[in-house]
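Here's a quick tour for anyone who likes to think in contacts and symmetry operations. Have the viewer open and follow along.

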There are 2 protein chains.
Amino acid sequence: MIIALAGGVGGARLAHGLARVLPPGELTVVVNTGDDFTHLGLHISPDPDTVLYTLSELADQERGWGLKDESFHAMEALGRLGGENWFALGDKDLATHIERTRRLAAGDTLSTITADFAARLGITQHIVPMSDDPIRTIVHTDQGALPFQDYFVRLHCAPSLASLEFAGVEEATPSPALIKLMTSDEVTGIIICPSNPFLSIDPILAIPGIRPWLQGRKAPCIAISPLIGGKAVKGPAAKIMAELKLDTTPRAIAQHYHGLIDGLIIDQADSAEAFGECLVTATLMRDIADRERLAREALSYLERLRQA
Amino acid sequence: MIIALAGGVGGARLAHGLARVLPPGELTVVVNTGDDFTHLGLHISPDPDTVLYTLSELADQERGWGLKDESFHAMEALGRLGGENWFALGDKDLATHIERTRRLAAGDTLSTITADFAARLGITQHIVPMSDDPIRTIVHTDQGALPFQDYFVRLHCAPSLASLEFAGVEEATPSPALIKLMTSDEVTGIIICPSNPFLSIDPILAIPGIRPWLQGRKAPCIAISPLIGGKAVKGPAAKIMAELKLDTTPRAIAQHYHGLIDGLIIDQADSAEAFGECLVTATLMRDIADRERLAREALSYLERLRQA
């Protein structure tokens with residue numbers, strides 16, 4: 001079993017590559033739920049949905065979020081009624097949030113619902129929320145403390161980030177499937193996907209028990225740097241690193257994951273920054289072939305580290 | 001002020017005619033909420049929505065329910081996820097239910113929400129739910145007790161109806177605007193729209209205080225028979241009347257409203273059944289001109305009764 005820790009788009013794309021090159025059932029994608037929020041009375045899980053939609057090949061490629069062939073009629077009608085429509089929810093996407101909200105209210109866990117949705121969408125790998133407990137990312141900025149989606153979507157990451165808080169994380173436990181994997185001999189490698197280390201991966205690492213597990217694990221663990229030529233492919237990773245007074249280099253990423261990983265995959269555009277235990281390759285994933293190639297390289301790298 | 005008591009399509013169409021021929025603000029449509037239900041975690045108010053959509057001229061004409069130019073992408077996606085999609089909710093329509101549910105959870109009343117939606121949709125007349133308290137129509141049938149929408153939509157009214165129950169009605173009060181009108185000198189006439197007397201009007205009449213008000217009122221009250229040639233234009237009125245061992249005649253309708261109305265408008269197809277205080281005219285409303293004509297005739301009839 002390979003475990004991939006993932007957030008939104010970048011993580012989902014590598015997870016998709018891994019899902020395609022690994023035999024069915026041999027990948028578990030552990031997904032950030034710190035971006036989850038309640039909006040319009042609906043429980044929205046942006047990162048689990050991005051992973052679900054990407055692995056089922058229903059994701060929109062251009063937009064980078066939501067479903068392909070999507071319409072936004074409900075949002076237009078909501079605006080007409082005076083409702084909040086700054087967070088664009090497509091019509092088909094709405095069904096996911098409505099059904100998840102209904103099932104949560106009926107007592108189902110996020111884990112069960114996510115697994116059922118994955119099966120319904122024809123996904124043969126495991127998708128596991130990092131926790132079934134509510135963990136909410138709060139962004140402390142020069143404009144005060146902001147719920148994640150206010151910072152990310154409503155304000156387009158414009159406020160300068162000072163620190164991050166994962167509200168509720170101290171009381172949270174990893175999801176049942178993750179707990180099981182943390183003590184399983186069947187895990188042969190762990191991959192931290194090229195997701196935003198601060199917004200997408202740190203919430204997972206903040207759950208009690210996760211860091212000790214990664215520090216004490218037997219299987220090798222690698223991360224893929226989300227930077228290409230010192231910039232993020234998408235999203236605010238580079239902006240945030242600058243605001244946190246970090247260099248936007250693979251070295252800073254490696255430093256961030258210090259003690260947790262055995263190796264780092266960095267992009268060829270950053271090869272001048274190469275150091276210690278790293279693999280330099282093309283990390284940009286434009287199409288499915290790119291995703292599969294990077295997935296294969298990551299798995300080979302894990303294999304090499306396992307032999308070492 | 002004219003008060004119209006209405007349920008779904010037929011009632012909404014006459015209310016639309018009345019809204020167009022009366023000056024702005026001089027019509028109050030009191031709408032049945034016995035068909036309201038919670039579905040997919042959303043509070044759905046079928047009759048208030050039909051009135052909102054019809055008066056704002058956004059209703060679909062062919063289908064007889066929902067919005068025109070509607071899509072059903074969310075329902076298709078819901079089916080894909082294993083959700084319940086037997087009750088078809090259009091994408092634009094969903095926005096109404098999502099926003100209403102959100103506002104109810106935030107503590108707003110059905111009255112306030114309905115008034116706000118009406119204003120947002122450009123409606124210049126008053127639309128008032130019969131009550132802000134939950135009243136749920138239960139249909140007792142040969143297949144047992146059924147929630148209204150199970151009987152009406154899921155089972156297409158196939159079970160034989162034995163009796164109706166309006167659960168919660170004993171503890172309910174009329175909505176604030178209706179209470180105000182019940183003691184107002186400004187009411188110049190009351191019209192019971194050509195809605196189903198048993199499913200749409202009886203829930204209104206069952207609210208404590210409504211029957212005594214109608215029995216003691218000064219302003220004239222008329223009803224429009226929903227039957228044309230002994231048949232319902234749409235819906236199960238005639239089927240239900242047969243199951244309740246009633247003749248499907250205007251006389252049975254008049255008998256049903258005995259003591260509450262001063263006159264009945266019946267269709268020319270039923271003219272052989274004419275009796276006592278009634279007005280015979282064409283009651284089928286195929287287009288807006290029909291609605292306006294029937295509205296004008298109803299208002300003239302009220303005026304005549306007021307003079308008498």
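Two residues are in contact here if their C-beta atoms, placed from the backbone, lie within 7 Å. Keep in mind that this is a predicted model.

With that cut-off in hand, start at A:Pro174, which sits in the loop between strand E8 (161–167) and helix H7 (176–182) of chain A. Setting aside neighbours within four places in sequence, A:Pro174 is in contact with A:Met130, A:Ser131, A:Ile179, A:Met182, A:Ile207, A:Gly209 and A:Ile210. Is A:Pro174 buried or exposed? A:Pro174 counts as buried because 23 other C-beta atoms lie within 10 Å, and the bar for that is 20 or more. There's also a pairing with A:Pro208: the two C-alpha atoms are 7.8 Å apart, though 34 residues separate the pair along the chain.

Now for the core. The largest nonpolar core has 171 residues, and those with the most contacts inside it are A:Ala4, A:Ala15, B:Ala4 and B:Ala15. Take B:Ala15: leaving out residues up to four places away in sequence, it touches B:Ala4, B:Ala6, B:Val29, B:Val51, B:Thr54, B:Leu55 and B:Cys193.

Helix H8 (residues 197–205) of chain B is worth a look too. Because 7 of its 9 residues are buried, H8(B) is largely enclosed by the rest of the structure. The buried ones are B:Pro197, B:Phe198, B:Leu199, B:Ser200, B:Ile201, B:Pro203 and B:Ile204.

How do the chains meet? The contact takes 24 residues from chain B and 24 residues from chain A. On the chain B side, the elements giving two or more residues are helix H3 (73–80), helix H4 (91–105) and helix H5 (110–120). H4(B) supplies the largest share of that side, with 10 residues. By class, the side of chain B that touches chain A breaks down like this:

| Class | Side of chain B that touches chain A |
|---|---|
| nonpolar | 10 residues |
| polar | 7 residues |
| charged | 7 residues |

Last, the symmetry. A turn of 180° and a shift of 0.0 Å along the axis lay chain B on chain A with an RMSD of 0.0 Å. That is the relation of a two-fold axis. Which residue of chain B comes closest to the rotation axis? That's B:Asp91, at 3.0 Å (C-alpha). The copies meet through the same surface, because 100% of the interface residues of chain B are also interface residues in chain A.

Technical notes. Residues numbered from 1 in each chain as written. Chains lettered and ligands numbered in written order. Predicted model: local features only at pLDDT ≥ 70, side-chain atom pairs only at ≥ 80, totals over all residues. Helix = DSSP H or I, 4+ residues; strand = E, 2+ residues; numbered from the N terminus. Buried ≥ 20, exposed ≤ 12 C-beta atoms within 10 Å, placed from the backbone. Nonpolar A, V, L, I, M, F, W, Y, C, P; charged D, E, K, R; others polar. Core = buried A, V, L, I, M, F, W, Y, C linked by C-beta atoms within 7 Å. Least-squares fit on C-alpha atoms with pLDDT ≥ 70 in both.
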